[in-house]
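Take a look at the structure below. We'll walk through it one piece at a time.

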Amino acid sequence: MSAFAFAAPAVLAALVLLPAIWWLLRLTPPKPLTEVFPPFAILAAILKREETPARSPWWLTLVRMLMAAAVIFAIADPVFNPRANTLASGGPLVLVIDNTWASATDWQRRVDTAAALIDDAEGRDLPISLVFTAERQHDAGPVDAASARNRLAAAEPRPLPADRTQALAALRTALDGTPPGTLAFLSDGMAAGEDDDTLSALQALNPADFRLVTGDGLATVAATAAVNGADALSVTVTRLEAGAARSLPLTAHDARGRPVAAGTADFAAGETVATGTIAAPFELRNDFARVSLDGVANAGGTYLLDDGFRRRRVAFLSGEVVDPSQPLLSPLHYITRALAPYADLIEPSVADLSVAVPELLDQNPSVLIMADIGRLPEEAQDRVRRFIEAGGMLIRFAGPRLAAAPADDPLVPVQLRKGERALGGALSWSEPQPLSAYPASSPFAGMRAPDGILIKRQVLAEPTPDLAERTWANLADGTPLVTTGPLGNGRLVLFHVSAETAWSNLPLSGDFVEMLRRTVQLSRGGGVASQAGGAEQQALPPYRLLTVNGTLAAATGEAKPLAADAAGTIATFDNPPGLYGTEDGYVAHNLLPPGSAIRPLAVPEGVTVLREALAGKAAWSLKPELFTLAALLLLADCLVVLFMGGAFVAARRRPLRGSAAAVLLAVMVLSLAAAPALADDAKPGDEAILSRLDTTHLAYVVTGETEVDRISERGLAGLTEFLTYRTTLEPGEPVGIDISADELSLYPIIYWPVSATAAMPSSAAISRIDAYMRGGGTVLFDTRDQFVALDGSAASANTERLQAILATLDIPPLEPVPADHVLTKAFYLLNDFPGRYAGGPLWIEAQLDRAEDPSRPARAGDGVSPIMITGNDFAGAWAIDANGAALLPTVPPDERQRNHAFRAGVNIMMYMLTGNYKADQVHVPALLERLGQ
Amino acid sequence: MAPVGETVKPTPTREVLSRAQARAALIPDCMVEARRLANTVIAGWHGRRKRGIGENFWQFRPYVDGESLTNVDWRRSARDDHTYVRDREWEAAHTVWIWADLSPSMMYKSTLALVSKESRALVLMLALAEILARSGERIGCPGIMEPIAARNAAERLATALMHHAATGGLPDTRMIRGNSDIVLFGDFLDPVDDVMARLGPLARRGLGGHVVAVTDPAEEVFPYAGRTEFTDPETGERITAGRAETLKDDYARAWAANRTALADNLRHLGWSFVPHRTDRLASEALVAVHMYLSGMPATLAREPGR
């Protein structure tokens, strides 16, 4: 059988025409370009005779000849590997086809081969028995070619190993003793078990012609195991035939199918098993959902991973109410920051421990962390104990509450000293203690030696004989810092210090992160087993199944739940490879159990088979390539003709005319089309907002009363001028704002002249003001009634209006500005805050944790008071006209008082913009002094 | 590839006239230097910067014995002891013949040029007519229009052209009598000997001549490449060049030789030669002709031996 033949050899006779084509091509010159040329006489004088009729150059003719030859050859249709009908007659054609995972890569070629055999059988008018080895049902009865083709088209490879015994039994029943004519076994080349006698059994059917058709066995590779090592994931890969050395790239994918890490497995020459590693950081390996062999797009090339790789879910409990405004004081802050990159963190939604503990444990965490919880409620404690005994881990941090707790707490790994506190009781150090090196048995062994960590307080363990082996970390004096102990299937871990910085600086160090990470890593991944208590085994429903192409798909109805003890066995039709369980926890059921090998199908003694390669490659026609070649030659010929005709020369000669302009136009159009279309996300009003943001503006509330608003505007203008003149703050024009509509967050402070005669702001506007104050803004209310209120009688109308406004606002407790408040030191040193009127106090938010300290000239406080209330009519004192002259007289008329009013305004602005900065600054000399010693 | 050159239709005279008037507006009035006093010179209305018959005062000069006493200007003479004669400025008109070649070879425009040669020649012709008419010269067109002295001579010349068939390669000189100037616009692509055979007799009759050779840029730079078939617009003859770009240098030499020969021969006749390309402004040629007509390249064309 020749490897090369022409489908239409007669066409080759056209090759004799080539010399004629040659002759024609040589004679025909290209068509000239016609030009009118008035100075014809002059041209004719120098061009006396027509030069030799322009012949095509020989190489151009050669190109054209090649083109003609290519077309002739293409029409003749050369074909590689033509096949012939060699089917044996005398019995039905029997096709045994492996549609296993290993056949997926070249499945189409297998189908082509089988289809060719079916065609042949149709030509000989033979019935066909068709059986697939990886199916649940087998129908081997002889059928005609049409239905055989239908069944072949409907068949698809399965992500399963072959089950040839059943297929053979079905075949034997169907043939019922009739010896087949040709028996073709389209095998995947793998033995189905230790002793696969398929070939012998097929031979026993007495076929007249027994063919074994195999694909490329070298391509059959499968991943059989993946083990998460200390610093890398090692993957065991096995191959069917021990060939030459081969390097296989490995890729790890996360749950969404994205490749996250890569490695290689290198087969040594002659070896069938190789181990590859995927080196990746621990937290990345957590995300691995499956490992696949690159370029092996079948189920064998994919190894599914399950819960062993999942991130731990960590629950938190804290003894004290968390103040979100002071996170650095909360132990949970440090734990969260340390663990967030490595674990999923869950926190209780309520502070009540009896509710929070079940709530957290219902979410099935791997680890429960309790920071400074002395004693749990009875039922919560039982619940935690059950959690630990079922395999959970409890990490506890000490603290004042734990130290004060009774000693019979069952949820601590070691016995703590009764009623003792680390400090002030039995234990008192002259100086803080550093850590000693970690014991070798500790999971912390191997970490960088602790350095710079100082422990100021701790809770102490009673010395017991097994204390040393329960200790993971020691202080320099030998007292334990971290102790552990088992409880049921779980584990208790106790840090003898608090998780915040009050007792030690451990939470600030990187060692804290590493300790927590290693500890959490010791815990068991959450999952179904823990939910079930680990005792009773239950069958897992199929969750995601592996397709034959090595991807995961939703479970189909054919898969049955996986018995819990079935994990680690080979995949069957009932339990195809995939993930079993639920989204929350699942078990990976892989195609090949760990440690299994794949063996080639050996031909036993006494069996004579005709080995054949798959078809598929056979019908490879050269026709398209030849036509492509001819087309390319035609293109080249066109270019050459254009070049010889002077197209490109002329275009070069006239760079600014037509063609160049066309090129320019094309470039412009292209560049326009290629210009990235930027999304226009501008909104109306952006300009105004940007201009407000570029410069700080003072803002006042427009009350609607012309005179009040005018004074406000002029007053803030006066303050703006004063600020610009005296300070580095140069505000823009004052802005009147409508609190019900305008954006408030652009302004650091809003001046609100309260006027009883103005309209009451709507509740929506007041809630906007409330949100503004919560968001860090400050409202300066000015009732301007200090003078009115002098009579000492009931509150003025403006004050009543203010009370009405504040009634719906969530405002903090207020106090008059204390003498040591930073407001009195922000820029000028002030004792009072006069406006047009003097004597009225300026009310600000009270600082509750007020500690009288005569040595501190200004009290440091966090944040800025969201509200200020005065009655002194600041704007009236600040108001100036266009010439800079004061608009209103002060009461009493005293320019010194006006100057103080301006100074008060400056201090308020500085306080707004710098917060407690000045309170720190005034301490700089003292700080320097203390640092210097 | 589109051809470089094309044959164009004759330009409508009316359109050319308006363009010509726009051109003419750029050029000052032309004082034709009428050096030859002849019977073609008749009284016109512009001064000749010399004394003679006319209406405008030119100069006072002392009375010479023998002159008619009626010439004495008594008013001036009464102011001192001498007797003065008032001279008047000589005012005279000159006849200028203008002619443009409108043969098929002029109906040509290449992609390098703005307009066809015929269009440019007509514009130049009418613009010159406009300028000269403004100066009161008598303008004629050989074979088409007798000389007239009128302000609207350009319009009348255009009208005459409109009603006249296309002119041939060289002017019909039967109308021309006596000494006058002739301005010829054309491409003068005929062999130099043929051209001179026609122009020589004119010069020998004392006619001053100015030749403006209108040329398309393509005729000069020869921007052809590749296999090209050239056609003569006059005769329809064809010739094929295998690789036209190789002819470029030879053609440039032949062209330069032709133009030089033409210019030299014309100079020997005492005529001026103005080469003009259609990718240049029409005003350039117009200014050059204007200068020659007003004698500003002083007597350059008339000196013997040049």
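## A pair at the sheet's edge

Start with Leu814(A): across from this residue, in β33(A), sits Glu845(A). Keep in mind as you look that the whole thing is a predicted model. The strands here are β32(A) and β33 (residues 843–845) of chain A, which run antiparallel and are joined by three bridges.

Now zoom out to the sheet around them. It's an open sheet of seven strands in chain A, and if you walk across it you meet β29-β28-β30-β31-β34-β33-β32, with mixed pairing. At the edges you'll find β29 (735–737) and β32 (814–816) of chain A, each pairing on one side only. From one strand to the next, the twist averages 25 degrees.

## Chain A as a whole

How many helices and strands does chain A have? The count is 25 helices and 34 strands. Chain A runs to 933 residues, and 38% of them are buried.

Next, the contacts inside chain A. Take those with a separation of 6 or more: 77% of them link residues that are 24 or more positions apart.

## Where the two chains meet

Chain A and chain B touch each other, with 36 residues from chain B and 29 residues from chain A taking part. On the chain B side, β1 (5–7), β11 (228–231), β12 (238–241) and α7 (248–269) each chip in at least two residues. Which element gives the largest share of that side? That's α7(B), with five residues. Sort the chain B side by type and you get 17 nonpolar, 10 polar and nine charged residues.

There's also strand pairing between the chains: strand β2 (residues 33–36) of chain A lines up with β11(B) in the parallel sense, over four bridges. In that pairing, Thr34(A) faces Glu229(B) of β11(B).

## Two helices in chain B

Two packed helices are described by the angle between their axes and the distance between the axes. In chain B, try this on helix α3 (residues 117–134) and helix α4 (residues 153–162): their axes come within 8 Å and cross at roughly 145 degrees. From α3(B), the contact uses Leu126(B), Ala129(B), Glu130(B) and Ala133(B), while α4(B) brings Ala153(B), Ala154(B), Leu157(B) and Ala158(B). By type, that's seven nonpolar residues, no polar ones and one charged.

## Some backbone oddities

Most residues other than glycine have a negative phi, and most peptide bonds are trans. Here are some exceptions to look up.

Arg784(A) isn't a glycine, yet its phi is positive, near 55 degrees. You'll find Arg784(A) in the loop between β31 (778–782) and α21 (797–807) of chain A. Is Arg784(A) buried or exposed? There are 25 other C-beta atoms within 10 Å, and the cut-off for buried is 20 or more, so Arg784(A) is buried. Over in chain B, Phe188(B) also has a positive phi, about 50 degrees, without being a glycine. Phe188(B) lies in the loop between β9 (181–186) and α5 (192–204) of chain B. Phe188(B) counts as buried because it has 26 C-beta neighbours inside 10 Å.

Finally, a cis peptide bond: it runs from Val891(A) to Pro892(A), with omega near -5 degrees. To spot Pro892(A), go to the loop between α22 (874–878) and α23 (895–914) of chain A.

Definitions and conventions. Residues numbered from 1 in each chain as written. Chains lettered and ligands numbered in written order. Predicted model: local features only at pLDDT ≥ 70, side-chain atom pairs only at ≥ 80, totals over all residues. Buried ≥ 20, exposed ≤ 12 C-beta atoms within 10 Å, placed from the backbone. Contact = placed C-beta atoms within 7 Å. Pairing = 2+ DSSP bridges. Axes fitted to C-alpha atoms, helices over the stretch in contact; angles between N-to-C directions. Nonpolar A, V, L, I, M, F, W, Y, C, P; charged D, E, K, R; others polar.
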